[in-house]
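Trainee: Please take a close look with me at a single loop in this model. I would like to know what the backbone does there, and how that spot connects to the rest of the chain.

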Amino acid sequence: MRCWTPQQGFPPVLPTEPGRRIRVLAVDDEPATLRLIQEILGQAGCDVLSGTTGQEALELALRAPDLILLDHHLPDVDGLEVCRRLQADPATSEIPVIFLTADHNPALEAHCLDAGARDFVTKPFADSVLLARLQTHLALSARTRTLERMAHTDDLTGLANRRYFENVLDREWSRTRRSEKPLSLLLVDLDHFKDVNDTYGHQEGDRC
């Protein structure tokens, strides 16, 4: 089902950051479906990476796409397992995954959502529906990143706060235990900065 023809063009997918094109990873073992996705998203202003296997999906996901369109039926690793592995890897766990499959199966849809997918679209799909859902999840991800940045950043300096430090330390400690590689930590203290505040006032100290 198509809602626009190529001659009409597709509505642009709005970027999450000014001046940057959206990058979408599409994974499907049907070349015709990949070509259709590339046509739709290309005309909507997106860059499209494509793969045909689960292993390719896992490798290409490390190139940090903004969103992943994932088929369930793949020749090596099925989409459910790919989604679980993406969720388990800190490098890819925040990338929204939308399943795109010909399976009209409520049980499968529930399993995909349980595995961490953000949405489930069945084939044949309407171009307008695919683009609308893609735009919705990109906007939600951008909003989530903004909220996380606000929660983890000191308003005055723009530096990461203690909550973020503790989260990163916990993650890096787990990583170093798995890899058996050393973990280094550098502490820097500004001696006698109270004297600056006392002499010039806290406003000048903040500006400094």
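Mentor: Let's go to Pro 124, which lies in the loop between strand S5 (119-122) and helix H5 (127-152). Keep in mind that this is a predicted model, so what follows describes computed coordinates. What is the peptide bond from Lys 123 to Pro 124 like, cis or trans? The bond is cis, and its omega is near -5°. In general, most peptide bonds are trans. That makes the Lys 123 to Pro 124 bond a good place to stop and look.

From here, step across to a residue that touches this stretch. Lys 123, on the N-terminal side of the cis bond, is among the contacts of Thr 101, along with Phe 120, Val 121 and Thr 122. Thr 101 itself belongs to strand S4. Leaving aside neighbours within four places in sequence, Thr 101 also reaches Asp 71, His 72 and His 73. How exposed is Thr 101? Its relative accessibility is 0%, so Thr 101 counts as buried. The cut-off for buried is under 20%.

Thr 101 is in good company. Five of the five residues of strand S4 (residues 97-101) are buried, so S4 is largely enclosed by the rest of the structure. In a regular strand the side chains alternate between the two faces of the sheet. Strand S4 is covered on both: Val 97, Phe 99 and Thr 101 are buried on one side, and Ile 98 and Leu 100 are buried on the other.

Which strand pairs with S4? Strand S3 (residues 67-70) does, in the parallel sense, over three bridges. One pairing you can pick out by eye is Leu 69 with its bridge partner Ile 98 in S4. Elsewhere in the sequence, strand S1 (residues 23-27) runs parallel to strand S2 (residues 47-51), and five bridges join them. There, Val 24 has Val 48 of S2 as its bridge partner. Four of the five residues of S1 are buried, so S1 is also largely enclosed by the rest of the structure.

Now compare that with some loop positions. Pro 75 sits in the loop between S3 and helix H3 (79-88). With a relative accessible area of 58%, Pro 75 is exposed. Even so, leaving aside neighbours within four places in sequence, Pro 75 is in contact with Asp 29, Thr 52 and Thr 53. Its C-alpha atom is separated by 39 Å from that of Pro 182, a residue 107 places away along the chain.

Back to the backbone, since that is where you began. Most residues other than glycine have a negative phi. Ala 64, in the loop between helix H2 (54-61) and S3, has a positive phi of about 60°. Glu 180 is another case, with phi near 60°; this residue is in the loop between helix H6 (162-179) and H7. Are these two buried or exposed? Ala 64 is exposed at 54% relative accessible area, and Glu 180 is exposed at 73%.

Toward the C terminus, Gly 201 is placed in the loop between helix H7 (193-200) and helix H8 (202-207). At 25% relative accessibility, Gly 201 counts as partly exposed. The C-alpha atoms of Gly 201 and Asp 66 are separated by 45 Å, with their positions 135 residues apart along the chain.

Finally, here is how the loop at Pro 124 fits into the whole. The protein has eight helices and five strands, in the order β-α-β-α-β-α-β-α-β-α-α-α-α from the N terminus. The C-alpha trace spans about 70 × 45 × 25 Å along its principal axes. Its radius of gyration is 22 Å, where a compact globule of 208 residues would be near 17 Å. Of the 208 residues, 34% count as buried. Among contacts between residues at least 6 apart in sequence, 59% join residues at least 24 apart.

Notes: Residues are numbered from 1 along each chain as its sequence is written. This is a predicted model: local features need pLDDT of at least 70, side-chain atom pairs count only at pLDDT 80 or more; totals for chains, interfaces and linings use all residues. Side-chain values use heavy atoms; hydrogens and water are left out. Helices (H or I, at least four residues) and strands (E, at least two) are DSSP runs, numbered from the N terminus. The radius of gyration is taken over C-alpha atoms; the globule rule is 2.2 Å times the number of residues to the power 0.38. Buried means under 20% relative accessible area, exposed over 50%, partly exposed in between (1.4 Å probe, protein chains only). Contact means heavy atoms within 4.5 Å. Two strands pair if DSSP finds at least two bridges between them.
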